[in-house]
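The following exercises are to be worked with the sequence and the coordinates at hand. Each task is followed by a solution in steps.

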Amino acid sequence: MNSNDFASLAAVQLPLSSRLLASACCPDKDLLVLVTRLGGHDRMSLWKMQGSKTWEIDVSTSSERIVGVAWSPDGQSIAVAHNPPSITLHSIQDGRSERVIHIPTSDVPIPQLTNIWWFHQEKPEKSPIPDIFRRNNIITGSAHSVLRTLPLLDQLRDESKQLTATDLFAFQGSQTTARRVASVPDVIELWPTLHPDPVSASINVPDTNRTAENGIMDEVDDANLDSILAVADRSGRLLCFLDGTYPLGSLKLGDSNTTIASLFKNPKSPVLLAHPIHDGVFTDLLPTHVSLSLLQERKVRDFAKLSTTARELCWYALRVVEEMRAAWIGSDTNSGARDLGPKWIAAYETKQQDDYHLRPSGILDLTTLLVTDRPSEALGDYLGSGPQMSERGMQKWDSAVTEALVKLRDYSEKRLVPACQRLHLVLGEVRGWASLPTLYSSFEIPSEAVDQCLIMLKQAILLSSWLAAAARREHNRFREFMTWLRYETVLLGPSSETPTPTPLRHDILEVNQYLMSGLKKSVIDQWFMGPVPTFVPQDLGIPGYDLTVRAALQKAREYLDHRDPSETPITVPPDGFNDKPFESIDRNLSALIGAFASSCREVFDRPSAAATRAATISASSGSVIDQTTAASQRDNQTDLLIRDRITVDTLREDGYYVQYLVMHAPSASTSEHRSFVNFVRQRYGHNSSHVEVAVHECCLRRGEEEDVVGVDLLALEFFDDETIVIVYRTDEGEAYIGTLSYRELEYTDFQPEGYVRLSRESLIESASQGLIAGQLKSGYLPIRQSRGLKGCRSGAVSLAVNGRVGRRVACVLDSKGTTLETFDLEGDEGEEGDTTLDEER
């Protein structure tokens with residue numbers, strides 16, 4: 001028995017006890033993930049196979065335990081399942097949290113999560129005919145095809161990249177800096193969305209994929225396209241996410257005490273094969289087929305794109321309104337431009353009270369000065385020597401208010417209105433989907449909510465245009481006010497050599513209007529205060545009837561035909577464009593956009609789960625295990641070691657699969673107390689199945705002699721389509737890692753009594769009985785290659801492998817969680833000193 005068949009990459013002594021998950025190895029990079037327990041919370045760290053640590057992070061403040069990790073198909077993200085239930089995506093570069101995936105909630109508490117998988121989708125062969133029109137799979141005439149022709153909206157400020165004094169002046173090697181995370185409201189955080197794509201939403205973003213040398217766009221990696229992220233919990237529920245982010249709803253595969261032991265996805269079609277564990281005791285031998293047939297069509301992805309575009313535009317509109325509100329009203333850290341005028345007049349009225357013992361009458365004194373050009377004693381003193389009246393103070397006031405009003409004007413006209421128009425375009429297509437129930441019935445689109453959102457968008461467009469006009473008018477009046485104020489300040493200046501005043505350059509009426517409705521309280525405040533607007537077009541004087549030429553002529557004829565000559569002619573129809581007071585109309589644009597965002601998210605919430613609502617679930621007959629068998633299994637339950645691997649039968653095209661099972665019961669109930677490993681090969685489809693079994697005793701034959709050594713099987717994992725990696729310990733206490741070929745074993749047809757009602761655990765007992773009865777024959781473990789381990793002398797071990805070509809490695813962690821050994825399963829001992837794996841990051 002050769003014990004140096006593999007090259008050792010590293011043997012690391014870890015500072016803290018760690019856990020090695022079965023999915024810890026990165027599929028396409030020489031990296032692995034370790035989980036460390038510290039302070040009652042789990043931490044995640046990324047290591048190179050050569051033994052160096054890349055980074056270590058606290059995955060979440062609310063997470064107490066990591067239950068599983070899954071690698072994205074493109075190898076750039078790590079999906080982590082936590083308890084209490086949460087799902088996060090982390091960058092492989094530095095471990096930062098890229099996204100928190102929302103778990104759909106119900107009235108009952110969310111059960112604990114148990115496992116996580118991320119399945120890729122094989123891409124179909126490209127058509128030999130090139131896409132000369134570059135439609136990028138976009139339907140001509142759809143909302144996205146129209147958005148492609150529109151100019152991109154101006155990008156907004158990125159709050160996460162603002163520089164601080166520490167960034168500019170601190171020592172570059174210090175760790176005091178931290179990435180600033182922009183706060184995202186819950187309505188946007190919980191929105192069902194694919195990976196964000198602002199360009200498809202007609203929003204300009206910095207081009208990060210363009211190289212500086214040639215300016216050519218790099219090819220976009222679409223490895224995550226159509227992939228499915230699946231998460232299981234303890235209630236028998238399976239949560240699915242398209243592309244790892246877009247929620248597809250949940251599937252119920254069992255009762256309240258059911259978990260998923262293993263899950264497989266057909267790489268070419270949206271078909272899942274699940275093996276539920278019932279009551280934590282018995283596992284279905286035959287799988288439960290789940291067909292997500294709706295994913296075979298483009299409907300789900302098209303609707304997901306609409307949801308993603310609506311989310312990007314809505315988040316854009318929310319940030320635009322927030323920036324306008326911060327510029328005018330102020331924020332938690334900065335005061336708004338609207339406060340400068342009230343503070344100025346309040347300071348003057350305070351001077352009236354304290355210095356001249358007069359009743360506050362600032363606006364009256366200013367109006368008197370405007371009309372008579374004669375200031376009161378208090379006003380003359382304030383304008384001539386007040387600290388607020390210095391040139392620097394007036395320039396700051398002028399700049400702040402002018403900048404805010406210009407921002408309100410430009411943002412509302414050039415950003416908010418176009419964003420709302422694009423949202424109206426997207427929701428118009430959604431309304432078209434809702435009008436075709438025969439084609440999109442499974443989406444269950446709330447048509448009433450769509451209509452309400454369209455009404456709110458019309459209100460937002462009207463209010464934004466109205467705000468731009470109000471800001472333009474306010475800016476003109478403020479400019480006249482500042483011109484007049486500077487004129488009066490020069491006249492009342494303390495200099496003895498007062499220059500000859502220049503001719504009047506201000507409009508007295510505009511200045512008076514600003515004194516009345518702009519200095520102490522501006523009309524623009526109404527766009528950021530008050531309840532959510534609920535007005536209708538008729539409240540603004542817009543007629544409620546059709547305004548087409550044909551309708552207008554018909555109404556004119558009706559009026560002329562029924563007019564009484566004795567009556568006084570009506571110059572304006574009752575429902576025409578008459579003047580109506582606008583003061584009572586609510587105009588809170590900020591509240592309207594916030595209410596629209598909540599309503600718009602509800603439009604996309606329920607339709608996102610259409611794929612799982614239309615799914616076909618075919619439970620195996622093995623899930624109907626009788627109570628007697630279940631009770632027997634509970635009584636005889638041992639710590640079983642079970643691993644499986646499912647592949648598509650390429651020799652048949654009728655939906656057949658081949659499953660390999662390896663099952664080991666350490667305390668098998670035989671008369672000689674021997675331990676066996678059961679290798680099972682099943683071929684099954686929807687209507688039939690065939691099972692074969694190969695039983696091997698946990699013993700090894702040394703060399704060509706008849707010396708047999710008993711071994712204790714500690715861990716095993718399927719490596720590839722041919723090999724299994726096992727970790728075992730001999731009777732002498734030596735631990736080894738080895739490989740054996742499970743395809744080359746001699747399988748025997750085995751059809752035990754009640755096969756369709758058997759569980760995996762029952763099959764072990766049936767195989768043992770078949771072995772005693774002579775129906776099955778046993779042999780020794782045919783280990784092909786092996787290598788001794790430095791640790792693992794006692795206790796259990798953890799094993800993680802990666803069998804991809806060029807990445808054929810294995811990792812072993814001892815029972816204490818402090819000794820980690822990594823191996824290259826393609827290199828031999830002679831190459832150990834020169835063996836280096838690619839360190840792709």
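Two strands count as paired if DSSP finds at least two bridges between them. The model examined here is predicted.

**Exercise 1. An N-terminal sheet**

Task: Determine the order of the strands in the open sheet that contains β2, and state which strands form its edges.

Solution.
- Step 1. Following the pairings gives the order β2-β3-β4-β5, an open sheet of four strands with antiparallel pairing.
- Step 2. β2 (18–19) and β5 (53–58) each pair on one side only, which makes them the edge strands.
- Step 3. Within the sheet, strand β3 (residues 31–38) and strand β4 (residues 41–48) run antiparallel and are joined by eight bridges.
- Step 4. The register can be fixed by one residue: Leu-32 stands opposite Trp-47 in β4.

**Exercise 2. A sheet that includes β1**

Task: Establish the strand order of the open sheet containing β1, and explain why one side of β1 and of β30 is left without a neighbour.

Solution.
- Step 1. The order is β1-β32-β31-β30, with antiparallel pairing in an open sheet of four strands.
- Step 2. β1 (7–13) and β30 (798–802) have a single partner strand each and stand at the edges, so one side of each has no neighbour in the sheet.
- Step 3. On average, and with direction ignored, neighbouring strands of this sheet are turned by 15 degrees against each other.
- Step 4. β30 is joined to strand β31 (residues 809–813) by five bridges, and the two run antiparallel.
- Step 5. In this pairing, Asn-802 lies opposite Val-809 of β31.

**Exercise 3. Burial of a strand**

Task: Decide whether strand β10 is largely enclosed or not, and identify the residue that bridges Trp-117 in β11.

Solution.
- Step 1. A residue is buried when its relative accessible area is under 20%.
- Step 2. In strand β10 (residues 113–119), six of the seven residues are buried, so the strand is largely enclosed by the rest of the structure.
- Step 3. β10 pairs with strand β11 (residues 228–233) in the antiparallel sense, over six bridges.
- Step 4. The bridge partner of Trp-117 in β11 is Ala-230.

**Exercise 4. Aromatic pairs**

Task: Classify the ring pair Phe-303 and Phe-443 and the ring pair Tyr-660 and Tyr-742.

Solution.
- Step 1. The structure holds 22 aromatic pairs.
- Step 2. For Phe-303 and Phe-443, the ring centres are 5.4 Å apart and the planes stand at 45 degrees, so this pair is tilted.
- Step 3. Phe-303 belongs to helix α4 (residues 299–328), while Phe-443 lies in the loop between α9 (437–440) and α10 (447–491); the pair links distant parts of the chain, 140 residues apart.
- Step 4. Both Phe-303 and Phe-443 are buried.
- Step 5. Tyr-660 and Tyr-742 form an edge-to-face pair, with 4.8 Å centre to centre and 65 degrees between the planes.
- Step 6. This pair also links distant parts of the chain, 82 residues apart: Tyr-660 is in strand β20 (residues 657–664), and Tyr-742 is in the loop between β26 (735–741) and β27 (748–749).
- Step 7. Tyr-660 counts as buried because its relative accessibility is 4%, and Tyr-742 counts as buried because its value is 1%.
- Step 8. Ring pairs also join Trp-344, Tyr-348, Tyr-382, Trp-397, Phe-478, Phe-481, Trp-484 and Tyr-514 into a cluster.

**Exercise 5. Charges over rings**

Task: At what distance from the ring centre does Lys-299 lie over Tyr-440, and Arg-415 over Tyr-411?

Solution.
- Step 1. Lys-299 lies over the face of Tyr-440, 5.4 Å from the ring centre.
- Step 2. Arg-415 places its charged end over the ring of Tyr-411, at 4.2 Å from the centre.

**Exercise 6. Surroundings of a helix and of a loop residue**

Task: Which helices do the buried residues of α7 pack against, and which residues does Ser-608 touch?

Solution.
- Step 1. In helix α7 (residues 377–385), the buried residues are Ala-378, Leu-379, Gly-380, Tyr-382 and Leu-383.
- Step 2. These buried residues pack against α5 (340–356), α6 (362–372) and α10.
- Step 3. Ser-608 is located in the loop between α13 (589–605) and α14 (610–613).
- Step 4. With 6% relative accessibility, Ser-608 counts as buried.
- Step 5. Leaving aside residues up to four places away in sequence, Ser-608 touches Pro-192, Tyr-246, Pro-247 and Leu-248.

**Exercise 7. The chain as a whole**

Task: How many helices and strands does the chain have, and what share of its residues counts as buried?

Solution.
- Step 1. The chain has 16 helices and 32 strands.
- Step 2. Of its 841 residues, 47% count as buried.
- Step 3. The chain exposes about 42,300 Å², of which carbon and sulfur atoms supply 50%.

Notes. Residues are numbered from 1 along each chain as its sequence is written. This is a predicted model: local features need pLDDT of at least 70, side-chain atom pairs count only at pLDDT 80 or more; totals for chains, interfaces and linings use all residues. Side-chain values use heavy atoms; hydrogens and water are left out. Axes are lines fitted to C-alpha atoms, for helices over the stretch in contact, and angles run from 0 to 180 degrees between N-to-C directions. Rings of Phe, Tyr and Trp (its six-membered ring) pair if their centres lie within 6.5 Å; planes under 30 degrees apart count as stacked, over 60 as edge-to-face and the rest as tilted. Buried means under 20% relative accessible area, exposed over 50%, partly exposed in between (1.4 Å probe, protein chains only). A charge sits over a ring if NZ of Lys or CZ of Arg is within 6 Å of the ring centre and within 35 degrees of the ring normal. Contact means heavy atoms within 4.5 Å. Accessible areas come from the Shrake-Rupley method with a 1.4 Å probe; for residues, only the protein chains shown count as cover.
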